Amino acid sequence: MSFFRPEAVAAIRRWAVPLGLIIAGGVIVATWGPRLWRGDLFALLPLAFALLLWVGAAGAAQTAFAGLWARFGGPGLVTIDEGRISYFGPLGGAILALDAIVAVDIVAGPQIPGGRAWRVSDSMGQQAIIPAGATGAVRLLHSLGTLPDFDVMMAVAAMERATPGTRPFWRRDGGALAATAG
């Protein structure tokens, strides 16, 4: 029997690497930063190393988010090719041009495979409901991140706390609506 709850241990394990890298980078900057201001060019080397640590932390955080999608599970395959998002699932699919996307919603409920999905709509009225755990769904999030004012971190948080129903998340003319996505 563990003193800590299993959910807490899983969260600590998921975030240990990114937080450790951020702390290490901060220590290096705090230690070597003043030397740089005094004109010591040798201080650039540790600062460059700190920058690499921060880039690594971002990659580790992204890997941690990938575990989020796997938790939900979901059928289908998402592919991204030449500015087109394609989703093919057991009950249908769609191909949407990335520059034609006008709305992204979060759909949650027992009727959705895996419990949570993205509903992506384009300017011609075509929609795709893509389960968060579909194969390649992480690439979908990367592509949606190129849309104006689409915040990937906010999207991950909104998906994680989604309650049953459909919640608007992003609109091309209105930007992020994440406050209503929870």
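A salt bridge, as the term is used here, is a side-chain nitrogen of Lys or Arg within 4 Å of a carboxyl oxygen of Asp or Glu. Good morning, colleagues. I shall begin with the pairs that meet this criterion, and then turn to the helices, the hairpin and the surface. Please bear in mind throughout that the structure is a predicted model.

How many salt bridges does the rule give? The count comes to two. In one of them, the side chains of R171 and D105 meet, with 2.7 Å from N to O. This pair connects distant parts of the chain, since R171 belongs to strand 7, residues 165–171, and D105 to strand 4, with their positions 66 residues apart in sequence. Both salt bridges share a partner, and D105, R119 and R171 are thereby joined into one network.

The other pair is R119 with D105, whose closest N and O atoms are 2.8 Å apart. Here R119 sits in strand 5, residues 116–122, and D105 in strand 4, residues 101–108, so the contact ties together parts that are 14 residues apart in sequence.

Is the shared partner, D105, buried or exposed? D105 counts as buried, because its relative accessibility is 3% and the cut-off for burial is under 20%. The two arginines fall in another class. R119 is partly exposed at a relative accessible area of 21%, and R171 is likewise partly exposed, at 23%. As general background, side chains of opposite charge can pair when their charged atoms come close.

Let me now place these elements in the whole chain. The protein contains four helices and eight strands. Along the sequence, their order reads α-α-β-β-β-β-β-β-α-α-β-β. Of the 182 residues, 35% are buried.

I turn next to the two helices that come later in the sequence. In helix 3, residues 137–144, the buried positions are A137, L140, L141, S143 and L144. Viewed down the axis, these buried residues fall within an arc of 160°, so they line one face of helix 3. Helix 4, residues 152–160, has A155, V156, A158 and M159 as its buried residues. Why can they be assigned to the same side of helix 4? Their arc around the axis is only 165°, and this puts them on the same side. The general rule behind such spacing is that an α-helix has 3.6 residues a turn, so residues three or four places apart point the same way.

The start of helix 4 has a further feature: a side-chain oxygen of D151 comes to within 3.1 Å of the backbone nitrogen of M153. In the loop between helix 3 and helix 4 we also find D149. D149 is not a glycine, although its phi is positive, at about 65°. With a relative accessible area of 61%, D149 is exposed.

A second residue with such a backbone angle occurs in the hairpin. Strand 1, residues 77–81, and strand 2, residues 84–89, run antiparallel and are joined by five bridges. One of the paired positions is L77, whose bridge partner in strand 2 is F88. The hairpin has two residues between its strands, and E82 there takes a positive phi near 50°. E82, too, is a residue other than glycine. Its relative accessible area is 69%, which places E82 in the exposed class.

Finally, the surface. Which residues form the nonpolar patch? They are L19, I22, I23, V27, V29, L51, W54 and V55, and together they have about 740 Å² of accessible area. Helix 1, residues 6–37, and helix 2, residues 44–72, each supply at least two residues of this patch. The largest share, five residues, comes from helix 1. V29 is one of the patch members and is found in helix 1. V29 has a relative accessible area of 31% and is therefore partly exposed; membership of a patch requires over 30%.

To close, I would draw attention to two points. D105 is the buried residue that joins R119 and R171 into one salt-bridge network. The nonpolar patch on the surface, by contrast, draws on helix 1 and helix 2. Thank you for your attention.

Key:
Residues are numbered from 1 along each chain as its sequence is written. This is a predicted model: local features need pLDDT of at least 70, side-chain atom pairs count only at pLDDT 80 or more; totals for chains, interfaces and linings use all residues. Side-chain values use heavy atoms; hydrogens and water are left out. Patches are made of residues with over 30% relative accessible area and no salt bridge: like charges are joined within 9 Å, nonpolar side chains (Val, Leu, Ile, Met, Phe, Trp, Tyr) within 5 Å. Accessible areas come from the Shrake-Rupley method with a 1.4 Å probe; for residues, only the protein chains shown count as cover. Buried means under 20% relative accessible area, exposed over 50%, partly exposed in between (1.4 Å probe, protein chains only). The arc is that of the directions from the helix axis to the C-beta atoms. A polar contact is a pair of N or O atoms within 3.5 Å; within protein, one must be able to donate a hydrogen and the other to accept it, and residues adjacent in sequence count only if both atoms are side-chain atoms. Two strands pair if DSSP finds at least two bridges between them.
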